[in-house]
Amino acid sequence: MKSIQAIALALVFIMAFSCKQAKKETEEATEEVEETVDQMAETTEPESITFSMEPKSDSNVNGEVVFTQDNGNVVMKATFTGLDEGEHAIHLHEKADCSSADGKSTGGHWNPTFEKHGKWGAEDGYHKGDIGNFTADADGNATVDFSTDEWCIGCDDEKKNILGKAVIVHQGVDDYTSQPSGAAGARIACTGIIQ
Ligand SMILES: [Cu+2]
Ligand SMILES: [Zn+2]
């Protein structure tokens with residue numbers, strides 16, 4: 001009788017132990033999965049911010065701009081409608097304030113490095129907002145693709161941080177030489193870059 005009791009007791013111990021072990025393993029596996037998910041979020045999920053452009057200076061221009069930060073680069077993708085066919089300038093201006101009807105409330109070109117206005121990448125200098133020109137088709141539609149490691153979205157470097165600035169589209173063409181803004185004419189679409 002005693003030996004049966006002893007065997008039963010031993011069985012209970014073994015079962016309790018293996019249950020505990022199984023539970024522990026499940027917990028460890030769950031933690032591992034959670035860690036992997038966290039790491040994936042950190043390394044592969046780019047930060048994206050999207051804005052609608054509003055018409056200015058009595059234009060009919062509308063559009064959408066998406067900025068995405070990925071691996072030290074900021075990619076800008078914009079689509080526009082309602083433009084006149086041909087070339088137009090696009091810049092980042094210094095203030096995220098589109099309140100005035102002519103868009104001039106955004107101030108001048110964003111120029112945190114105090115350089116001359118110019119074509120992006122020019123040896124003589126260029127503003128960090130000097131994106132350049134793009135072309136609208138016969139229907140007034142256009143897309144802009146731009147990518148740079150000289151911008152960031154919300155980092156501590158004020159020479160790179162595009163938050164608090166504005167996107168401006170001009171009626172005319174940036175000649176890349178006239179100071180301080182390329183003589184690109186009226187401001188026909190605007191958005192602040194505010195998170
Ligand atoms: Cu401009
Ligand atoms: Zn400029």
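## Exercises with worked solutions

Y176 sits in the loop between strand 7 and strand 8. Strands here (E, at least two residues) and helices (H or I, at least four residues) are DSSP runs, numbered from the N terminus. The model is a predicted one: local features need pLDDT of at least 70, side-chain atom pairs count only at pLDDT 80 or more, and totals for chains, interfaces and linings use all residues. Residues are numbered from 1 along each chain as its sequence is written, while chains are lettered from A and ligands numbered from 1 in the order in which they are written.

### Exercise 1: Getting your bearings

Find how many helices and strands the protein chain has, and in what order the elements run.

Solution. Start with the count: the protein chain has 1 helix and 8 strands. Next, walk from the N terminus, and you read α-β-β-β-β-β-β-β-β. Then look at burial, where a residue is buried if 20 or more other C-beta atoms lie within 10 Å of its own, exposed if 12 or fewer, and partly exposed in between, with C-beta atoms placed from the backbone. Of the 195 residues in the protein chain, 27% are buried.

### Exercise 2: Laying out the sheet

Work out the order of the strands in the open sheet, and explain why strand 5 and strand 6 each have one side without a neighbour.

Solution. Begin with the rule for pairing: two strands pair if DSSP finds at least two bridges between them. The open sheet of 8 strands then has the order 5-4-7-8-1-2-3-6, with antiparallel pairing. Strand 5 and strand 6 stand at the edges with a single partner strand each, so one side of each has no neighbour in the sheet. On average, neighbouring strands of this sheet are turned by 20 degrees against each other, direction ignored.

### Exercise 3: Following strand 4

Decide which strands are joined to strand 4 by bridges, and how many bridges there are.

Solution. On one hand, strand 4 is joined to strand 5 (residues 132-136) by 5 bridges, and the two run antiparallel. In that pair, E87 has T135 as its bridge partner. On the other hand, 4 bridges link strand 4 to strand 7 (residues 166-170), again antiparallel. Here L92 stands opposite V167. Finally, check burial: strand 4 covers residues 86-93, and 6 of its 8 residues are buried.

### Exercise 4: Looking into the core

Which strand gives the largest share of the largest nonpolar core?

Solution. First, the term: a nonpolar core is a set of buried Ala, Val, Leu, Ile, Met, Phe, Trp, Tyr and Cys residues joined through C-beta atoms within 7 Å. The largest one has 30 residues, and V167, A166 and V169 are among those with the most contacts inside it. Strands 2, 3, 4, 6, 7 and 8 each supply at least two residues of this core. Its largest share, 4 residues, comes from strand 7.

Now zoom in on V167, using contacts (C-beta atoms, placed from the backbone, within 7 Å). Beyond its neighbours within four places in sequence, V167 is in contact with M53, V65, I90, L92, T191 and I193. As background, nonpolar side chains in soluble globular proteins tend to be buried together.

### Exercise 5: Unusual spots in the loops

Find what is special about the backbone at Y176, at D58 and between Q179 and P180.

Solution. Start with what is usual: most residues other than glycine have a negative phi, and most peptide bonds are trans. Y176, which is not a glycine, has a positive phi of about 65 degrees. With 19 C-beta neighbours inside 10 Å, Y176 counts as partly exposed.

D58, in the loop between strand 1 and strand 2, has a positive phi near 60 degrees. Because D58 has 9 C-beta neighbours inside 10 Å, D58 counts as exposed.

Last comes P180, which is found in the loop between strand 7 and strand 8. A cis peptide bond, with omega about 0 degrees, joins Q179 and P180.

### Exercise 6: Loop meets loop

Which residues does G118 touch, not counting residues up to four places away in sequence?

Solution. Locate G118 in the loop between strand 4 and strand 5. Then list its contacts: D124, G125, Y126, D130 and Y176. With 18 C-beta neighbours inside 10 Å, G118 counts as partly exposed.

Methods
Contact = placed C-beta atoms within 7 Å. Axes fitted to C-alpha atoms, helices over the stretch in contact; angles between N-to-C directions.
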